[in-house]
Every structure is written in C-alpha cells, then in structure tokens.
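This report describes the overall architecture, the interior and a surface feature of one protein chain. Please consult the sequence and the coordinates alongside the text.

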Amino acid sequence: MAVLIFLITFMSYMDRVNLSVATPTIMQEFGFTKVDMGFLQTAFFTGYAFMQIPGGMMAEYFGQRIASTLAVTWWSVFTVLTAWGNSFTSLAIIRALFGLGEGPIFPAMNNFIYRWFNKAEKATASSFMLSGAFVGPVFGPAVTVALMLAFGWRSVFIIFGAAGLVLALAWWFLAKNDPRQCPFVNKAEADHIESGMVLNNSKAAKEIAPWGSFITSTQFWAIGLQYFITDYIMYVFLAWLPLYLMEAQGFSLAKMGIAASFPWAALCLITFLTGYVSDKLIAAGVSKHKARTLFGASGLLISGAALYMAAIATTPTMNVFWLTISLGSLGFTFNASWAASMDIGGKFCGTVSGWMNFWGNIGGVVAPVATAWVATHYGWQAAISMTAFSAILGVVCWLAVKPDQVILKDQI
C-alpha cells in the first residue's frame, strides 16, 4: 500500500510539473506573459487550497477509499482536458478544476497512513507519500520535454491523465478504510498495525472534527503557517524553475530538462531518509519534539540560506548546486510536517493535515504570481532572494509546534 501511495502522489506531481515544463512553449503559442502563466499556476492552487480542509473531512467522514478514488479520477480527467485548452480563460478554468480534484489526496492519504501503519512506522510511510510527490518533478522535466519534442505539448496531458485513471482503479480495488477489511491482511498484521493505537469502535464511524478546540490551539495555527512558508518555497521551484534556468542561467530546453531534475532528486532522497531516521530516533527514545520540530526548523533554515547563495551564484553550475541544496533541505521539513500533523491530530489527522496543506497551498496561490511580478520588475535575482528570506518566518513558527502534545488528549 505504501508503494501504491507512492505511485499516486508521483502521478499527482507529474501532472502539476508538466505545465511548468511546457510553459515556454505555451507562452510562445498563445502569446502569454510570465504574469499570465503565474495566474494559470495560481488558478490550480486556488482550487487545490480550497479543497484541503473539505478533503480531509471527507476522508474522515466517508472514508479515504471513496475520497481518494474520486480525487484521482477527477484530476486525471481534467489533466486530459488541459490538452484542449485554447485560451487563457479555458486553461484557467480547467486548471482550477484540476486543482479541486487534487485537493483531497494528501489529507486522505495521511488519514490512510494513520489507520494503516503502526505508530513506529508513520514517518517512514509519510516519506513514501512525499517521496512519490517529489520524484514526479525528477522525471517530469525530461519525460515531458521528450514527449513535447516528439508529439507536442498536448500529448503530455493526455498520456498522464490516462495513467492516472488506471491508478484510481487500482486504489479502488486494493485500498480499504480498515486494514482488517482487506483480504490481504492477516490477523497478526492487523494486530501489529493497531498496536498502541486507541480505537473506540463503539463510536459512530462518521465523525466531524472538533473545530472549536482546534482553532484555539497555538500549534494548530503554527503548523499551518510554517507550511505556508515551506510550500511557498517549494512552489516557486515547481512553477518557475524551468523558465528560470532558461532565462536567467541560459540553459537550452533539453539541458534544462536535465538540470531541473537535480533539486527534486535531492528533495526526494532527503525526504525518504528523514522519515526512516525520524522513526528510528523515536523508537530509540528520542522525543518527537527533537525528531520532528528540530528537523522541520533546520530544513527551512538551510533551505533559505542555500537559496540566497543560489541567487548570488556567478555560474550556472554553482546556481544549480545551491538550488539542489535548497530544495533538498526542505525534505527535513516536509517529512516533519506530515508526521507532526498525525502526532498532534490523532484520528482527526485528516482535518489537521488538510488545514496544514490548505495554508501550504495558499503559499502556492501566492508564489507563482508574486515571483513572476518581482522577476518582471526587478529581475530573477530579487525574486529568488525574496523567497530565501521568507524561510525565517517558517523557522519561528516551528518553535510553537509540539508533536509530543496531542491537541485533543482523548483523540489518539
């Protein structure tokens, strides 16, 4: 199931990065400016952010099986429809609806991980979810460029949309809301999964998160705001790295497809290793505060510093080197964020992670247009430097996140 989660989140990010890789070609065909393309990216993130909290609540109320299957099917259909966009308006509407479909997937998957994985394996399982997402942009640029050169940019969206529909079908048949309902899980495995987990089966299966308690929690706000910064930085890479490498660093389309993969490869590797190390530290008796909070804050601190070094780098090689360090360092923060959302959310981790990802994708709404505006008026160096300094706010927010303290003491 961890591998299937990996494949689904891999596809979700492949479908996102395809637009940014195709940006130079689409700009030329339709006469769009950087700000126009920024708004197209923002259209996606607006729909995506809007569905974060409802998506998490849907997974808790209806079950993640239904929520995830509908999400993957929905976004795959609109991925295909992107190929038929023929104007700014049609593309903006399609991308916004595409975002609505992707919205529930990460809160639903986080809910699935909480229910399907032993408490000592949750960070590792989260690393599969996140690594799948970050492997997408590793292969996305090169694969997308190859398909574009062979069949045109529209073929990219048709092919990946069709692949997403296959994954939706696989999830429907293999995933169950409760591991004990799965014919491939024996009693010993189910007992291991539920070891240390408090389950109250006498309660109704359909529950709504206690928002009154959540909204007054300092760490509920802190985990959301730190993720705003984390995702803001990541989405600057996702939306603009291909064009930045071509315009500011002079890469050709083919060389950009290779260079743009290095930062994402580093992010994937560090995310996976962080999940493994984090679970091992906790199993060894290290507090969740050290394993989550310190990882989260350190990742942002290193990322911001390296991104500033990339902004002032004098050669394309050093620029890509520092960009790789910057995005890779966010792996510490991403893994810590999703593991911490399960720690403080308990069985309502779908809602907590939806809240967190909502704020993260408000960062996604802001990042493409803000970066485009600064790059257009003040140059790429200013745009990258501004993004680098935003990391300081995220570090401050992490100091208020306390994964050892569940928001609701009886919701474990």
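The sections below proceed from the whole chain to its core, then to one residue of a helix and to the surface.

**Overall architecture**

The structure is a predicted model. Its protein chain contains 18 helices and zero strands. The radius of gyration is 20 Å, close to the 22 Å that the globule rule gives for 412 residues, so the chain is as compact as a globular protein of that length. Along the principal axes, the C-alpha trace spans about 60 × 40 × 35 Å. Among contacts in the chain with a separation of 6 or more, 84% are accounted for by residues 24 or more positions apart. Of the 412 residues, 59% count as buried. The accessible surface comes to about 15400 Å², and 72% of that area belongs to carbon and sulfur atoms.

**Interior**

In soluble globular proteins, nonpolar side chains tend to be buried together. In this model, the largest nonpolar core has 121 residues. Within that core, the residues with the most contacts are I8, F134, M234, L245 and W264. Helix α11 (residues 218–247) contributes the largest share of this core, with 18 residues. For L245, when residues up to four places away in sequence are not counted, the residues touched are G250, F251, M256, A259, A260, N319, V320 and L323.

**A buried threonine**

T42 lies in helix α2 (residues 34–50). Why does T42 count as buried? Its relative accessibility is 9%, and the class requires a value under 20%. Leaving aside residues up to four places away in sequence, T42 touches V365, P368 and V369.

**Nonpolar surface patch**

A nonpolar patch of about 930 Å² is present on the surface. Its members are Y61, F62, I66, L70, L169, W172, F173, L174 and F184. At least two residues of the patch come from each of the helices α3, α4 and α8. Helix α8 provides the largest share, four residues, and L169 is located in that helix.

The following table lists the helices named in this report with their residue ranges.

| Helix | Residue range | Role in the description |
|---|---|---|
| α2 | residues 34–50 | contains T42 |
| α3 | residues 52–62 | supplies at least two residues of the nonpolar patch |
| α4 | residues 64–82 | supplies at least two residues of the nonpolar patch |
| α8 | residues 153–174 | supplies four residues of the nonpolar patch |
| α11 | residues 218–247 | supplies 18 residues of the largest nonpolar core |

How values were computed: Residues are numbered from 1 along each chain as its sequence is written. This is a predicted model: local features need pLDDT of at least 70, side-chain atom pairs count only at pLDDT 80 or more; totals for chains, interfaces and linings use all residues. Side-chain values use heavy atoms; hydrogens and water are left out. Patches are made of residues with over 30% relative accessible area and no salt bridge: like charges are joined within 9 Å, nonpolar side chains (Val, Leu, Ile, Met, Phe, Trp, Tyr) within 5 Å. Accessible areas come from the Shrake-Rupley method with a 1.4 Å probe; for residues, only the protein chains shown count as cover. A salt bridge is a side-chain nitrogen of Lys or Arg within 4 Å of a carboxyl oxygen of Asp or Glu. The radius of gyration is taken over C-alpha atoms; the globule rule is 2.2 Å times the number of residues to the power 0.38. Buried means under 20% relative accessible area, exposed over 50%, partly exposed in between (1.4 Å probe, protein chains only). Contact means heavy atoms within 4.5 Å. A nonpolar core is a set of buried Ala, Val, Leu, Ile, Met, Phe, Trp, Tyr and Cys residues joined through side-chain atoms within 4.5 Å.
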